[in-house]
Amino acid sequence: MSPDRAAGRVRRRVALTGGIASGKSTVGRLLAGHGALLIDYDRLSHDVVERGTEGLQQVARAFGSEVLSDDGGLDRAALAGLVFADPAGRERLEGIIHPLVLAEADRRESAAPGTQIVVHDVPLLIEADLVGDFDVVLVTDIDPEEQVRRAVARDGMSESQARARLAAQATREQRLAVADIVIDTSGPLSVLDGIVDEVWERLVQVAR
């Protein structure tokens, strides 16, 4: 990406990551409320394969017309059925989607005003080996057992499903090892508000 320059300075790139049910989305919303541009990579992964996009055409060429719905959009259930138990297929899909997501994220960051703090919400920051692309890494941190409890209560998962999701992600230790700022999300929202206020002030200082 060509760095966005404003008043002779380079924008500091900020990533936000965290495991399932770790409060990452809530932290992202709070940062956006302070004025950050939040770029949600999960959302982008859907946008780049919307009906009529080059991304969808690439997916259809790679996996066949059976992954298309009757209206010409992506049949996500059919695609998931093809790649869920097929590591090679999953890798091929990621090879299509990841570059498109990164390109769109760069485009949105470059289009933002130079004074605006841009936060990239990247769930698979470590797994996709993207840590080195960012100057500041924010990590939402919570005890893994609490993650399981929240995933069960919030998303309706069974405990075994929640633990399987947790096991498939980077570990707590791996995230903490790359964190520049750790955000404790174990408390109530009222406490988290204050924590994010302090994180925002640190980001503003870094951006100067």
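What volume does the second largest cavity have? About 60 Å³. The model on screen is predicted, and the tour starts at this cavity.

**Stop 1: the second largest cavity**

Select Gly19, Ser22, Val139, Thr140, Asp141, Ile142, Gln147, Arg172, Arg175 and Leu176. These residues line the second largest cavity. Two elements each give two or more residues to this lining: strand E6 (136–141) and helix H8 (172–178). By class, the lining holds three nonpolar, four polar and three charged residues.

**Stop 2: Gln147**

Stay with one of the lining residues, Gln147. Gln147 sits in helix H6. Is Gln147 buried or exposed? Its relative accessibility is 7%, so Gln147 counts as buried; the cut-off for buried is under 20%. Now show its contacts. Beyond the neighbours within four places in sequence, Gln147 touches Gly19, Ile20, Ala21, Ser22, Ile142 and Leu166.

**Stop 3: the largest cavity**

How many cavities of 30 Å³ or more does a search of the whole structure find? There are two. The largest has a volume of about 80 Å³. Twelve residues line the largest cavity; select Arg11, Arg12, Ile117, Leu203 and Ala207, the closest to its centre. H9 provides the largest share of this lining, three residues. The lining of the largest cavity divides into six nonpolar, three polar and three charged residues.

**Stop 4: the largest pocket**

Move on to the largest pocket. Its volume is about 1,900 Å³. Its lining has 50 residues, and the closest to the pocket centre are Asp42, Ser45, Pro123, Leu124 and Arg165. Select those five as a landmark. Then colour the elements that give two or more residues to the lining:

- helix H1 (24–34) and helix H2 (41–47)
- helix H4 (76–83) and helix H5 (87–111)
- helix H6 (144–155) and helix H7 (159–168)
- helix H9 (189–207)

Which element gives the largest share of the pocket lining? H5 does, with seven residues. By class, the pocket lining has 24 nonpolar, 12 polar and 14 charged residues.

**Stop 5: helix H5**

Keep H5 selected and check its length. With 25 residues at 1.5 Å a residue, H5 should span 36 Å. The expected span counts one residue less than the helix holds. The end C-alpha atoms of H5 are 36 Å apart, so the model agrees with the expected span.

Next, pick out the buried residues of H5: Gly89, Leu93, Ile96, Ile97, Val101, Glu104, Ala105 and Glu109. Glu104 and Glu109 are among them. What do the buried residues of H5 pack against? Their partners are strand E4 (37–40), H2, H3, H4 and strand E5 (118–121).

**Stop 6: the nonpolar cores**

The largest nonpolar core has 26 residues. Select Val59, Phe63 and Leu79, which touch the most other members. H2, helix H3 (54–63), H4, H5 and E6 each supply at least two residues of this core. H5 gives the largest share, five residues.

Zoom in on Leu79. Setting aside neighbours within four places in sequence, Leu79 is in contact with Val59, Phe63, Val67, Leu74 and Leu93. Leu93 is one of the buried residues of H5.

Last selection: Ala36, Leu138, Ile183 and Leu192. They are among the 18 residues of another core, which lies apart from the largest one.

Definitions and conventions
Residues are numbered from 1 along each chain as its sequence is written. This is a predicted model: local features need pLDDT of at least 70, side-chain atom pairs count only at pLDDT 80 or more; totals for chains, interfaces and linings use all residues. Side-chain values use heavy atoms; hydrogens and water are left out. On a 1 Å grid over the protein atoms alone, a cavity is a set of points where a 1.4 Å probe fits but cannot get out, and a pocket is an open set with protein on both sides within 12 Å along at least five of seven lines; lining residues have an atom within 4 Å of a point. Grid points are joined across faces, edges and corners, and a volume is the space filled by probe spheres set on the points. Helices (H or I, at least four residues) and strands (E, at least two) are DSSP runs, numbered from the N terminus. Ala, Val, Leu, Ile, Met, Phe, Trp, Tyr, Cys and Pro count as nonpolar, Asp, Glu, Lys and Arg as charged, and the others, Gly among them, as polar. A nonpolar core is a set of buried Ala, Val, Leu, Ile, Met, Phe, Trp, Tyr and Cys residues joined through side-chain atoms within 4.5 Å. Buried means under 20% relative accessible area, exposed over 50%, partly exposed in between (1.4 Å probe, protein chains only). Contact means heavy atoms within 4.5 Å.
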